[in-house]
Amino acid sequence: MQDVSTPVTNGVAVGATRPAVIEVRGLVKRYGDFTAVNGVDLTVYDGEIFGILGPNGAGKTTTLEMIEGLREPDEGTIHVAGIDAARNPTAVKRVIGVQLQSTALFDHLTVRELIALFAALYGADTSKAKVDRLVELVSLQEKANDYANALSGGQQQRLSIALAMVNDPRIIFLDEPTTGLDPAARRNLWDVIRTVRAGGKTVVLTTHYMEEAEVLCDRVAVMDQGRIIACDTPRRLIDQLDQAATIRARIDNGTVPVETFKSLPNVTHVAVEDGYVELHSDDMQVTMSALLATAREAGLRLDNLSTSSATLEDVFLALTGRSLRE
Ligand SMILES: Nc1ncnc2c1ncn2[C@@H]1O[C@H](COP(=O)(O)OP(=O)(O)OP(=O)(O)O)[C@@H](O)[C@H]1O
C-alpha cells in the first residue's frame, strides 16, 4: 500500500496520515451489453467510514460485491489490506466482514446462539466473553436470549453487523444497512457503526440516503450510472458548490427586477417564479442582510422567508442535473 493521505473525517479529528486499506483501479462489470460498473477507481483509508452514495441502479452493490469477492470483475484491480483480490480471494475473506441481507438463518436461534454459531463457522473464538462483547457492541444486551426472528428490523440489522464481525475483520461491508428502517432505528444503527469505527475498524457502506452519507460518513464517493462522479468528505463536496445556502421568500406586494436580486452580494443564482424568489448564496448572512435592506427600501413585504443549507442532494443535482430520489 503506497497511497497515504490525511483525510479530514466527520466524526473524529485525524491528525496522522493513514494508509489505504482498499485500492480499486479501473473496475468494470458488464452484464451483456450493459455496463453496470464503468471504470471505478476508489481508495479507502484505514479506520474511516466510507460511503458509496448513489440512486438505485447506480452500480453500488455491484461495486461492493466485486470488492468483497462475491462477483468477478471484467476489468480492473482490487487490493484489500494489501492483498490482490484476484490472486488471493481466500486471504481477502479473512480480513473482511460482510453483512448478510437474508434473515432466513434467523429462525429458531437466539441472538447469542447465532453469534456463537457464526463464530464457530468462521473458526473464530466462540467464548461467552466474545459473544458478550459482540452483543454489547450492537446494543442487544436486553435481546441476547430472544429469538432473532422476534427482533425488530433495526435490531436484526444490528445483529447482522455483529455476525459480520465474528472473525474480527479489519474491514466491514454494509450494503444499504438502514434501508426500510424508521428514523430512530436508523440513528441507532449509525451509533453502532460509529462504535465499530471507534474500535479501529474500517467501514464501507452503500446508501441512497444523502443525510446518512452526510452525517455518518467520513468520506463519500458519489456514484451515478456506473461511475464515481465525485469523492471527498461531505463538507468539502458541499463547499465546492458555489451555493452554501438557499434563501426563499414570497413577495406579497409588487415586483422587483431580477437584476436587483442578482446584484445582491454573494448571490450565485436567482430564480423568480409564481411570486417566489429563490436565491443561492455562498454567504447566507451577507445576502440575507442585503435582501432585507433592499426589501425595506423598496417597500416590499417578504413572506414565508426560509433558508436552507446546501446538502449532498444539491451536490448530486449540480453534478448530474438530476435528483438523487428520481
Ligand atoms: N445479475 C445481473 N444481471 C443483469 N443486470 C444486473 C445484474 N445485477 C445488477 N444488474 C444491473 O446493474 C445495475 C447496477 O445494479 P446495482 O445493484 O449494482 O445498483 P445499486 O446502485 O446497488 O442500486 P440499488 O440501490 O437499486 O441496489 C442495475 O441497472 C441493475 O439492474
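**Exercise 1. Is alanine 85 buried or exposed, and how many other C-beta atoms lie within 10 Å?**

Before we start, note that this is a predicted model.

*Step 1.* Find the residue: alanine 85 sits in the loop between strand E6 (83-84) and helix H2 (89-95).

*Step 2.* Count its surroundings. There are 23 other C-beta atoms within 10 Å of alanine 85.

*Step 3.* Apply the cut-off: a residue is buried if 20 or more other C-beta atoms lie within 10 Å of its own. Alanine 85 is therefore buried, with its 23.

*Step 4.* Name the partners. Setting aside residues up to four places away in sequence, alanine 85 touches Gly69, Ile78, His79, Val80 and Val92. One of these partners, glycine 69, comes just after H1 and takes a positive phi of about 85 degrees.

**Exercise 2. Work out which residues surround the ligand and what classes they belong to**.

*Step 1.* List the shell. Around the ligand you will find Tyr31, Ala36, Gly54, Asn56, Gly57, Ala58, Gly59, Lys60, Thr61, Thr62 and His208.

*Step 2.* Sort by class: 3 residues of the shell are nonpolar, 7 are polar and 1 is charged.

*Step 3.* Look for the main contributor. Helix H1 (residues 60-68) supplies the largest share of the shell, 3 residues.

*Step 4.* Check the burial of that helix. In H1, the buried residues are Lys60, Thr63, Leu64, Met66, Ile67 and Glu68. Lys60 thus appears both among the buried residues of H1 and in the shell around the ligand.

**Exercise 3. Describe how helix H3 packs against helix H4**.

*Step 1.* Start with H3 itself. Within H3 (residues 111-121), the buried positions are Val111, Leu114, Ile115, Ala116, Phe118 and Ala119.

*Step 2.* Recall the helix geometry. An α-helix has 3.6 residues a turn, so residues three or four places apart point the same way. Keep this in mind as you look along the buried positions in the viewer.

*Step 3.* Ask what covers them. The cover over the buried residues of H3 includes helix H4 (128-137) and helix H5 (153-164).

*Step 4.* Describe the geometry of the pair. The axes of H3 and H4 lie 10 Å apart and meet at an angle of about 120 degrees, and the crossing is right-handed.

*Step 5.* Go down to residues. From H3, Val111, Arg112, Ile115, Ala116 and Ala119 meet Lys130, Val131, Leu134 and Val135 of H4. By class, this contact holds 7 nonpolar, no polar and 2 charged residues.

*Step 6.* See how the helix ends: glycine 123, just after H3, has a positive phi of about 65 degrees.

**Exercise 4. Find which members of the largest nonpolar core touch the most other members**.

*Step 1.* Recall the general tendency. In soluble globular proteins, nonpolar side chains tend to be buried together.

*Step 2.* Turn to this chain. Its largest nonpolar core has 67 residues, and those touching the most other members are Ile22, Val80, Ile115, Ala162, Val203 and Val204. The largest share of this core, 6 residues, comes from H3.

*Step 3.* Zoom in on one member. Apart from neighbours within four places in sequence, valine 204 contacts Ile22, Val44, Phe50, Leu64, Ile171 and Phe173.

*Step 4.* Look beyond this core. A second, separate core has 7 residues, including Ile247, Ala249, Val267 and Leu279.

**Exercise 5. Compare the surroundings of aspartate 168 and aspartate 274, which each have a positive phi**.

*Step 1.* Take the backbone first. Aspartate 168 has a positive phi of about 50 degrees although it is not a glycine. For aspartate 274, also not a glycine, phi is positive at about 50 degrees.

*Step 2.* Place both residues. Aspartate 168 is in the loop between H5 and strand E8 (171-175), while aspartate 274 is in the loop between strand E13 (267-273) and strand E14 (276-281).

*Step 3.* Count neighbours. Aspartate 168 counts as partly exposed because it has 16 C-beta neighbours inside 10 Å. Aspartate 274 has 5 such neighbours, so it counts as exposed.

Note on methods: Residues are numbered from 1 along each chain as its sequence is written. This is a predicted model: local features need pLDDT of at least 70, side-chain atom pairs count only at pLDDT 80 or more; totals for chains, interfaces and linings use all residues. A residue is buried if 20 or more other C-beta atoms lie within 10 Å of its own, exposed if 12 or fewer, and partly exposed in between; C-beta atoms are placed from the backbone. Helices (H or I, at least four residues) and strands (E, at least two) are DSSP runs, numbered from the N terminus. Two residues are in contact if their C-beta atoms, placed from the backbone, lie within 7 Å. A residue is near a molecule or strand if its C-beta atom, placed from the backbone, lies within 6 Å of it. Ala, Val, Leu, Ile, Met, Phe, Trp, Tyr, Cys and Pro count as nonpolar, Asp, Glu, Lys and Arg as charged, and the others, Gly among them, as polar. A nonpolar core is a set of buried Ala, Val, Leu, Ile, Met, Phe, Trp, Tyr and Cys residues joined through C-beta atoms within 7 Å. Axes are lines fitted to C-alpha atoms, for helices over the stretch in contact, and angles run from 0 to 180 degrees between N-to-C directions. A crossing is left-handed if the near helix is turned anticlockwise from the far one by less than a right angle, and right-handed if clockwise.
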